[in-house]
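I opened a new model today and kept notes as I went. Here is what I looked up, step by step.

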Amino acid sequence: MAIAALELMGFFCGLFGMLGTFVATLLPYWEMSAHVGSNIVTAVESMKGLWIECVYQSTGAFQCETYNTLLGLATDLQAARAMMVISSIFSVMACAVSTVGMQCTVCMDGSSVKSKVAGVGGSLFLLAGLLSLIPVSWKTHEVVQTFYMQNMPASLKFEIGDCLYVGLASSLLSMLGGGLLSASCFDDSDGSRGTRCHYPYPDRTGHRGPSHLMPYHPATLHSTTNPNLANKNQTLNSHTSTNTHSTMPAQDSRKSARQNTAAGYDVTGYV
């Protein structure tokens, strides 16, 4: 039970990390324009991401433009693109593999390699978190270093964007989820993962265990055990038979009288 809870916690951490990686990869909020020094005009705010560069105006206009070239981009930007895409792919694969190998699923039930499959999913989560952590940390260091350069114009200085925070949190969640899944794999060293826990449900094979019900014996009266009851029963029987014999002659006489009376009348009703 503890292993199943550990796996579920690791899986959901990795799932949230995967969603955060998607958000950080697609949105353009990696670096945002800094309003410092002479650049105090807040009517226009520019932001950059891995794929597009956007400009937001105070009037509500939001314009974005993709990068015109691929090979002409900076080396660090190309590497960040590749790492984030590979991290997203590994996260999807880790979710699929972990679903198969977790104890709470019926996939590969009864197989001895079920725990190893969960460990593979945890390793993929670890690798995905590491791949997303590298470009996020690299870009954060670059933005901070550029911001504090003395000879850099204020219009070219940028601040840390929201996607960098999201990418950092998602990479940590992915690595945490991968670590929990891998730990659950190592905790199952006795190989009991292949056999699912059989809960005390009714047996469906048709075999029934011994019955623990007590047999029912109806209560009987024994005349030898209680002579007073026997004497009372005999007395009641004798009285009943006497009354029966005494009432039968009276009934016979009544029947004969009725028959004689009926015979004394003719069809017209006169004697």
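The entries below go from the whole chain to the sheet, then the helices, then the charged pairs.

**Entry 1: the whole chain**

I noted at the start that this is a predicted model. I then counted the secondary structure and got five helices and five strands. Reading along the sequence, I wrote the pattern down as α-β-β-β-β-α-α-β-α-α.

I checked burial next. The chain has 271 residues, and 28% of them count as buried. I also looked at contacts with a separation of 6 or more. Of these, 66% join residues 24 or more positions apart.

**Entry 2: the sheet**

In what order do the strands of the sheet lie? I traced an open sheet of five strands, and the order is 4-3-2-1-5. The pairing is antiparallel. Strand 4 and strand 5 (158–160) are the edge strands, since each pairs on one side only. On average, neighbouring strands are turned by 25° against each other, direction ignored.

I reminded myself of the general rule here. Strands of a sheet pair through backbone hydrogen bonds, either parallel or antiparallel.

Then I went through the pairs. Strand 2 (residues 44–48) and strand 3 (residues 52–57) run antiparallel and share five bridges. I found V44 bridged to Q57 in strand 3. The two strands make a hairpin, with three residues between strand 2 and strand 3.

Strand 3 also pairs with strand 4 (residues 62–66), again antiparallel and over five bridges. Here Y56 has F62 of strand 4 as its bridge partner. The hairpin of strand 3 and strand 4 has four residues between the strands. One of its residues caught my eye: G60 takes a positive phi near 105°.

On the other side of the sheet order I looked at strand 1 and strand 5. They pair in the antiparallel sense over three bridges. M32 stands opposite E159 in strand 5.

**Entry 3: the helices**

I compared helix lengths with what is expected. Helix 1 (residues 2–26) has 25 residues, which should span 36 Å at 1.5 Å a residue. Its end C-alpha atoms are 37 Å apart, so the two values agree. Helix 2 (residues 75–101) has 27 residues and reaches 38 Å from first C-alpha to last. That is close to the 39 Å expected.

I listed buried residues too. In helix 1 they include E7, G10, F11, G14, G17 and T21. In helix 2, D76, R81 and M84 are among them, and so are S87, S91 and S98.

An α-helix has 3.6 residues a turn, so residues three or four places apart point the same way.

Helix 3 I looked at against the sheet. It lies across strand 1 and strand 5, and runs at about 140° to strand 5.

**Entry 4: the transmembrane record**

I looked up the UniProt record, an unreviewed entry. It lists residues 12–30, 82–105, 117–138 and 164–186 under "transmembrane region". I checked two of these ranges in the model. Residues 117–138 are 100% helix and 0% strand, with end C-alpha atoms 32 Å apart. Residues 164–186 are also 100% helix and 0% strand, and there the end C-alpha atoms are 33 Å apart.

**Entry 5: salt bridges**

How many salt bridges does the structure hold? I found two.

The first one I wrote down joins E31 and K139, with the closest N and O atoms 3.4 Å apart. E31 lies in strand 1 (residues 31–33) and K139 in helix 3 (residues 114–147), so this pair ties together parts that are 108 residues apart in sequence. Both E31 and K139 are buried.

The other joins E142 and K139, where the closest N and O atoms are 3.9 Å apart. E142 and K139 both sit in helix 3, three residues apart, which is about one turn of the helix.

Is each partner in this pair buried or partly exposed? K139 has a relative accessible area of 17%, so it is buried, the cut-off being under 20%. E142 comes to 28%, so it is partly exposed.

My last note puts the three together: E31, K139 and E142 are linked in a network of salt bridges.

Key: Residues numbered from 1 in each chain as written. Predicted model: local features only at pLDDT ≥ 70, side-chain atom pairs only at ≥ 80, totals over all residues. Heavy atoms only, no water. UniProt positions renumbered as here; feature names shortened; annotations may be inferred. Salt bridge = Lys/Arg side-chain N within 4 Å of Asp/Glu carboxyl O. Buried < 20%, exposed > 50% of the residue type's maximum accessible area, 1.4 Å probe, protein only. Pairing = 2+ DSSP bridges. Expected span 1.5 Å × (residues − 1). Axes fitted to C-alpha atoms, helices over the stretch in contact; angles between N-to-C directions. Contact = heavy atoms within 4.5 Å.
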